[in-house]
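Q: Could you take me through the nonpolar core of this protein and show me how it fits into the whole? I'm new to reading structures, so please go step by step.

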Amino acid sequence: MISAIQRLEDGTINLTITIPWTRVEDTKKTVVDELAKEVELPGFRKGKAPKKVVESAVDKEKVRDEILKKLLPQTYLEATSEHKLNPIVTPLIHVGAIDEGKDWQYTAQTCEAPQVELGSYKENVKKVTAKSKIAIPGKEPQPASFEDITKELLKSVKVKIPKIVIEREVQRLLSQTLDEIKRLGLTLDQYLQSTGKTSESLRSDYEEKASNDIKIEFALQEIAEEEKITVSDSEINNAIKKAKNDDERKNLEANRYLLASVIRQQKTLEFLKNL
């Protein structure tokens with residue numbers, strides 16, 4: 001396996017990975033062996049047909065797909081290890097031309113966690129939280145909203161978000177919107193007309209939202225690291241106990257790491273609110 005790396009300005013990483021034909025051929029033999037155990041051909045009992053007969057009878061595209069299923073994860077992990085990468089997303093794979101007897105090549109687009117510069121975030125956030133601490137006779141103090149806090153946070157933070165991360169969040173938001181539109185019994189055109197938007201402006205809005213949301217997420221992670229904000233097992237267990245039903249409880253139990261991340265983010269927001 002041979003790999004080349006290209007780092008783009010926004011933090012996106014392009015890996016070009018070449019798999020030697022000898023390795024493809026070895027994997028092909030394994031795939032054909034596996035298919036031979038399952039395939040049923042006229043004149044032979046299941047799994048008893050000769051390998052050459054199986055290879056000529058089985059759809060070549062199926063064999064190719066099975067080879068890729070084995071080799072892509074293996075060689076991608078080897079490439080990330082070789083270049084000492086810590087990807088944070090599932091790679092975007094593009095397989096090039098695949099010819100018999102020649103090396104196979106594909107590209108994998110991924111990224112690592114971006115570097116975050118927090119700047120004077122505490123000073124900026126305090127401008128918001130300080131107002132809530134001013135005592136006004138006859139009025140209850142109004143705590144700063146998380147929306148106001150995150151707006152100030154965005155003014156301080158410097159971070160380049162890889163395009164691949166933004167695009168995936170945009171696709172998630174668009175898919176979520178389309179599902180909501182269908183539930184309302186509307187078409188996309190009807191929705192756009194009712195909101196005064198075009199498909200281009202809707203995507204643009206989601207790109208801005210995705211970029212800001214992801215910046216805040218990484219900023220909160222960096223603040224949590226800097227302030228040593230952690231989550232204990234008891235906090236995770238208490239959150240699981242508050243589940244609405246057994247299904248939700250099982251889901252939370254199966255995703256403790258994700259739950260810990262959510263709790264840590266909430267604790268970090270509370271830390272900012274109390275500045």
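A: Let's begin with the overall outline. For 275 residues, a compact globule would have a radius of gyration near 19 Å, but this protein has 26 Å. Its C-alpha trace spans about 95 × 45 × 45 Å along the principal axes. Keep in mind that you are looking at a predicted model.

The protein contains 11 helices and four strands. Of its 275 residues, 33% count as buried, and the surface it exposes comes to about 18,000 Å², with carbon and sulfur atoms supplying 50% of that.

Now for the close look. The largest nonpolar core has 34 residues, and those touching the most other members are L118, L153, V157, I161, V165 and L272. Try finding these on the structure before you go on. Elements giving two or more residues to this core are α4 (121–129), α5 (146–156), α6 (163–183), α7 (188–195), α8 (199–226) and α11 (256–273). Helix α8 provides the largest share, with nine residues.

L272 makes a good place to zoom in. Setting aside neighbours within four places in sequence, L272 is in contact with Y121, V125, T129, I149, L153, L220 and I223. Notice that L153, one of these partners, is also on the list of residues touching the most other core members. Contacts across long stretches of sequence can be seen in the protein as a whole too: among contacts with a separation of 6 or more, 70% are between residues 24 or more positions apart.

Next, look at K273, which lies over the face of F146, at 4.6 Å from the ring centre. As for aromatic pairs, the structure holds zero.

There is also a second, separate core, made of 20 residues, including I19, W21, V31 and L71.

To finish, let's visit another part of the chain. S3 is found in strand β1, which covers residues 2–7. Is S3 buried or exposed? S3 counts as buried because its relative accessibility is 12%, and the limit for buried is under 20%. Leaving out residues up to four places away in sequence, S3 touches T16, I17, A79, E82 and H83. For a feel of distance, compare S3 with K182: they are 179 residues apart in sequence and 44 Å apart in space, C-alpha to C-alpha.

Note on methods:
Residues numbered from 1 in each chain as written. Predicted model: local features only at pLDDT ≥ 70, side-chain atom pairs only at ≥ 80, totals over all residues. Heavy atoms only, no water. Phe/Tyr/Trp six-rings, centres within 6.5 Å; stacked < 30°, edge-to-face > 60°. Lys NZ or Arg CZ within 6 Å of the ring centre and 35° of its normal. Core = buried A, V, L, I, M, F, W, Y, C linked by side-chain atoms within 4.5 Å. Buried < 20%, exposed > 50% of the residue type's maximum accessible area, 1.4 Å probe, protein only. Contact = heavy atoms within 4.5 Å. Rg over C-alpha atoms; globule rule 2.2 N^0.38 Å. Areas by Shrake-Rupley, 256 points an atom, 1.4 Å probe, with all protein chains shown as cover.
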